[in-house]
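Reader: I have a model open and some questions about it. Can we go through them one by one?

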Amino acid sequence: MRLWIYSAAVLAVLPVPGCARSCTEVGADSVISVIVDDAVEAFPGSRVGACVDQRCLHLGQEDDDSEIQQRINFDMGSNARSGRYTIVVTVNGEAISNRTFDLEASKPNGERCPPSVLNASFFYDSVTGIGRAQSYDN
């Protein structure tokens, strides 16, 4: 009888497949931004764009205020993965600079909880090329 009670107590604390796990519900955007103001200044009147792993956008394509900010935002979705990402800056469809970065996805709601997000900002400098912008998050 005691063995049965002990076994039941052990089973009560083991996780059961399919049961809900404890996750927070922190909202998080998954965005890679490329700041291209130097390219706009260096190539006035040209169509400036950027690519993240062969997915390309140009200023004004993804939202209304991108031309004012001179920033191109790529929505990476809620299932983003860590890995190597190639950033390319384009002028009139031709690459003027590219660089590959290792990016680490984060899980703001817990390691086993969705979403999995990437947040990174890059900039184009006409002298040094593409660099990673500093993060000021704590």
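Reader: In which sense do β7 and strand β8 pair, and over how many bridges?
Author: This is a predicted model. β7 and β8 form a hairpin, with 3 residues between them. One facing pair is Phe122 and Arg132 in β8. Strand β8 covers residues 129–132, and its pairing with β7 is antiparallel, over 4 bridges.

Reader: Which strand pairs with β7 in the parallel sense?
Author: Start from a bridge. Val31 has Asn119 in β7 as its bridge partner. The parallel pairing runs over 5 bridges, and the strand that joins β7 there is β1, residues 31–35.

Reader: Which residues make up the covered face of β7?
Author: β7 has two faces, and the uncovered one holds Asn119, Ser121, Phe123 and Asp125. Phe122 is not on that list; its relative accessible area is 0%, so Phe122 is buried. The covered face is Ala120, Phe122 and Tyr124.

Reader: How many aromatic pairs are there, and what are the distance and angle?
Author: The count comes to 1 aromatic pair. Its members are Phe101 and Phe122, and the geometry is tilted. A pair of aromatic rings is described by the distance of the centres and the angle of the planes. For Phe101 and Phe122 these are 4.5 Å centre to centre and 45 degrees between the planes.

Reader: How far apart in sequence are the parts that this pair ties together?
Author: Phe101 belongs to strand β6, residues 94–103. Phe122 belongs to strand β7, residues 119–125. The pair therefore ties together parts separated in sequence by 21 residues.

Reader: Is Phe101 buried or exposed?
Author: The cut-off for buried is under 20% relative accessible area. Phe101 has 10% relative accessibility, so Phe101 counts as buried.

Reader: What is the strand order of the open sheet?
Author: The sheet has 4 strands, with antiparallel pairing. β3 and β6 stand at the edges. Each has a single partner strand, so one side of each lacks a neighbour in the sheet. The order is β3-β2-β5-β6.

Reader: How much does the sheet twist from one strand to the next?
Author: The sheet in question is the open one, β3-β2-β5-β6. From one strand to the next, its twist averages 20 degrees.

Reader: How many bridges join β5 to β6?
Author: Strand β5 spans residues 83–91 and runs antiparallel to β6. Tyr85 stands opposite Phe101 in β6. Ile87 stands opposite Arg99 in β6. The number of bridges between β5 and β6 is 9.

Reader: Which residue in the hairpin of β5 and β6 takes a positive phi?
Author: This hairpin has 2 residues between the strands. The phi in question is near 50 degrees, and the residue is Asn92.

Reader: Which residues does Ser97 touch, leaving out those up to four places away in sequence?
Author: Ser97 sits in strand β6. Its relative accessibility is 14%, so Ser97 counts as buried. Beyond the sequence neighbours, Ser97 touches Ile87, Val88, Val89, Tyr124, Gly129 and Ile130.

Reader: What separates the C-alpha atoms of Cys56 and Thr90?
Author: Cys56 is in strand β3, residues 55–58. Cys56 is partly exposed, at a relative accessible area of 42%. Along the chain, Cys56 and Thr90 are 34 residues apart. Their C-alpha atoms are separated by 8.9 Å.

Reader: What pattern does the protein follow along the sequence?
Author: The secondary structure comes to 3 helices and 8 strands. Read along the sequence, they give α-β-α-β-β-α-β-β-β-β-β.

Reader: What share of the residues counts as buried?
Author: The protein exposes about 9,500 Å², and carbon and sulfur atoms supply 50% of that area. It has 138 residues, and the share that counts as buried is 30%.

Reader: Over which residues does pLDDT stay under 50?
Author: For the protein, the mean pLDDT is 82. A pLDDT of 70 or more is reached by 75% of its residues. One stretch has 0 contacts beyond four places in sequence in the model. There pLDDT stays under 50, and the stretch is residues 1–19.

Conventions: Residues are numbered from 1 along each chain as its sequence is written. This is a predicted model: local features need pLDDT of at least 70, side-chain atom pairs count only at pLDDT 80 or more; totals for chains, interfaces and linings use all residues. Side-chain values use heavy atoms; hydrogens and water are left out. Buried means under 20% relative accessible area, exposed over 50%, partly exposed in between (1.4 Å probe, protein chains only). Accessible areas come from the Shrake-Rupley method with a 1.4 Å probe; for residues, only the protein chains shown count as cover. Rings of Phe, Tyr and Trp (its six-membered ring) pair if their centres lie within 6.5 Å; planes under 30 degrees apart count as stacked, over 60 as edge-to-face and the rest as tilted. Contact means heavy atoms within 4.5 Å. Two strands pair if DSSP finds at least two bridges between them. Axes are lines fitted to C-alpha atoms, for helices over the stretch in contact, and angles run from 0 to 180 degrees between N-to-C directions. pLDDT is the predictor's confidence in each residue, from 0 to 100.
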